[in-house]
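Let's walk through this model together, one piece at a time. Have the sequence and the coordinates open as you read.

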Amino acid sequence: MLFGKKKKDEEEYIKCCGLCEYASEDSDGEFMICSKKKCRVEKNKSCRRFSYDITKRIPKRRPAKFDFEG
């Protein structure tokens with residue numbers, strides 16, 4: 001069963017150009033410029049050249065602590 005399991009990193013993110021190491025944000029903020037394909041693409045799209053860049057990920061905020069006494 002070693003070959004059928006997914007890596008832990010693959011489960012944590014969704015493939016999109018906003019998280020790709022080859023993409024940089026356009027001046028509009030809605031599109032990304034891909035250095036591999038040499039074109040302008042949407043943030044939520046992805047291609048086969050996708051390579052995850054952990055530094056572009058924005059972590060989820062922790063929920064506020066619940067006060068039981070109040």
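Why is there no bond between the sulfur of Cys34 and the closest cysteine sulfur? The partner is in Cys47, and its sulfur is 5.2 Å away, too far for a bond. A disulfide here is a pair of cysteine sulfur atoms within 2.5 Å, and the count by this rule comes to 0. Cys34 is also buried, at 6% relative accessibility (buried means under 20% relative accessible area, with a 1.4 Å probe and protein chains only).

A word on the ground rules: this is a predicted model, in which local features need pLDDT of at least 70, side-chain atom pairs count only at pLDDT 80 or more, and totals for chains, interfaces and linings use all residues. Residues are numbered from 1 along each chain as its sequence is written, and side-chain values use heavy atoms, leaving out hydrogens and water.

Now follow strand β2, residues 31–34, which runs antiparallel to β3 and is joined to it by 4 bridges. Strands are DSSP runs of E with at least two residues, numbered from the N terminus, and two of them pair if DSSP finds at least two bridges between them. Across this pairing, Met32 stands opposite Val41 in β3. The hairpin has 4 residues between its strands, and Lys38 takes a positive phi near 60 degrees there.

Met32 and Val41 both belong to the largest nonpolar core, which has 8 residues, including Ala23 and Phe50. Such a core is a set of buried Ala, Val, Leu, Ile, Met, Phe, Trp, Tyr and Cys residues joined through side-chain atoms within 4.5 Å.

Finally, look at Ser51, in the segment after β3 (39–42). Its side chain makes a polar contact of 2.5 Å with that of Glu21 (a pair of N or O atoms within 3.5 Å; within protein, one must be able to donate a hydrogen and the other to accept it, and residues adjacent in sequence count only if both atoms are side-chain atoms).

Definitions and conventions: Buried means under 20% relative accessible area, exposed over 50%, partly exposed in between (1.4 Å probe, protein chains only).
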